[in-house]
Structures are given as structure tokens and as C-alpha cells.
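Here are my notes for your first look at this one. Keep the structure open beside you while you read.

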Amino acid sequence: MWWYDSDTATVPIATGNHFTTPVLYNTTTYYLEAHHQDDTLLCISPRSAITVYVIDTTANNSIFETHSSRLKIHPNPAEDYLTIDAEGDDSLWVEIYDARGVLVMKSKTACQIKLDITHLNPGIYFLRATHNDGRHEVIEFVRKR
């Protein structure tokens, strides 16, 4: 991978195999090219723009605060529906965040429900459930097509 700080830069800020990543800064857009060379051919991919969003998971008020799990979801990955099962609660608040930490869905639901996720784009999401006693639990899930 070749990392650039602009789409027209000629000098990369980092290069190396797919595990090489430079120091990245929040809300900054970087540009990546994949390079592959064998004995006779050099292939260079078009540059892809990648914007970095940092999600703070260390703060006490973090959306990712969690305790011992009574929350179960399945299937994972999910296609159209996500089944939620929360032991010991009659209802809970459910919030779904995308991989950037943006709230994409919020609902008060029964403790056992099939949640329609057909409106979500394929990708990684975080389901944050708030129990009746105020506890929060977060489970990562994947919405596939």
C-alpha cells in the first residue's frame, strides 16, 4: 500500500505491505494505492479516498461502555432482521451506530424482538442496548447484503 496526503501528491507518506499504516488523524482524508509487481508487470490501482473517524472507546460516557452480557443477538452477520434477546428486561432502548460512530437508528423495543435492518447499508454496526436498570451493552454486528 502507498499512502498519500492528497489525491495529486507524488510522494507517499508511507509505503509497505497491507499491514503498514502511518499515524492517522481524526477527520482527515488519505489516499491509498495498491501496488503489485511481478517479473514483467507493475499494476497500480486507482487511488481510493479514505476518511478517518476516531471513536473514543475509553471515556466513561462512551457509547461502547459495557458490563456482563445478558444481551444476545443473532444471526451475525445478519441480512434483513436481527433477533435481539435481553434476559430479565421487559423492554430496552436500542441504538445502532455505524462504523464511524454515527447514530443510524434508535428505538424502544421489547426484550425479545426481530429488528428490521433492511434500511441499513451492508457494513459493520454497533448495537447499544440500554437496560431498564440503566446498564449499557454493546455488540458489534455485520449487515450483509
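**Notes on the strands, rings and loops**

1. Let's start with β8 and β11, which run antiparallel and are joined by five bridges. One facing pair to look for is I84, which stands opposite I113 in β11. Do keep in mind that this is a predicted model.

2. Now widen the view. β8 and β11 belong to an open sheet of three strands, in the order β7-β8-β11, with antiparallel pairing. The edges are β7 and β11 (112-116), each of which pairs on one side only. On average, neighbouring strands in this sheet are turned by 20 degrees against each other, if you ignore direction.

3. On the other side of the sheet, β7 and β8 (residues 81-86) are paired in the antiparallel sense over four bridges. One of the partnerships here is K72 with D85 in β8. Which way do the side chains of β7 point? They alternate along residues 71-74: L71 and I73 go to one face and are buried, whereas K72 and H74 go to the other face and are not buried.

4. The link between β7 and β8 deserves a look of its own. It's a hairpin connection through six residues, and P75 is found in this loop, as is P77. What is the peptide bond from H74 to P75 like, cis or trans? It is cis, with omega near -10 degrees. The bond joining N76 and P77 is cis as well, with omega about 10 degrees.

5. Next, the aromatic rings. How many aromatic pairs turn up when the whole structure is searched? Two. W3 and Y30 make an edge-to-face pair, with 6.3 Å from centre to centre and 75 degrees between the planes. This pair links distant parts of the chain, since W3 sits in strand β1 (residues 2-4) and Y30 in strand β3 (residues 29-33), 27 residues apart. Both W3 and Y30 are buried.

6. The other pair is Y125 with F141. Why does it count as stacked? The ring centres of Y125 and F141 are 5.7 Å apart and the planes are at 25 degrees, and planes under 30 degrees apart count as stacked. Y125 lies in strand β12 (residues 123-130) and F141 in strand β13 (residues 136-143), so this pair ties together parts that are 16 residues apart in sequence. Y125 is buried, and F141 is too.

7. Rings also have charged company. R47 lies over the face of Y4, at 3.5 Å from the ring centre. K106 does likewise over the face of W93, at 5.6 Å from the ring centre.

8. R47 comes up again with E33: a polar contact of 2.7 Å joins the side chains of E33 and R47. E33 has its place in strand β3. Is E33 buried or exposed? Its relative accessible area is 10%, so E33 is buried, the cut-off for that being under 20%. Setting aside neighbours within four places in sequence, E33 is in contact with M1, W2, Y4, I44, S45 and R47. Two of these names, Y4 and R47, are the ring and the charge from the previous point.

Technical notes. Residues are numbered from 1 along each chain as its sequence is written. This is a predicted model: local features need pLDDT of at least 70, side-chain atom pairs count only at pLDDT 80 or more; totals for chains, interfaces and linings use all residues. Side-chain values use heavy atoms; hydrogens and water are left out. Rings of Phe, Tyr and Trp (its six-membered ring) pair if their centres lie within 6.5 Å; planes under 30 degrees apart count as stacked, over 60 as edge-to-face and the rest as tilted. Helices (H or I, at least four residues) and strands (E, at least two) are DSSP runs, numbered from the N terminus. Buried means under 20% relative accessible area, exposed over 50%, partly exposed in between (1.4 Å probe, protein chains only). A charge sits over a ring if NZ of Lys or CZ of Arg is within 6 Å of the ring centre and within 35 degrees of the ring normal. Two strands pair if DSSP finds at least two bridges between them. A polar contact is a pair of N or O atoms within 3.5 Å; within protein, one must be able to donate a hydrogen and the other to accept it, and residues adjacent in sequence count only if both atoms are side-chain atoms. Contact means heavy atoms within 4.5 Å. Axes are lines fitted to C-alpha atoms, for helices over the stretch in contact, and angles run from 0 to 180 degrees between N-to-C directions.
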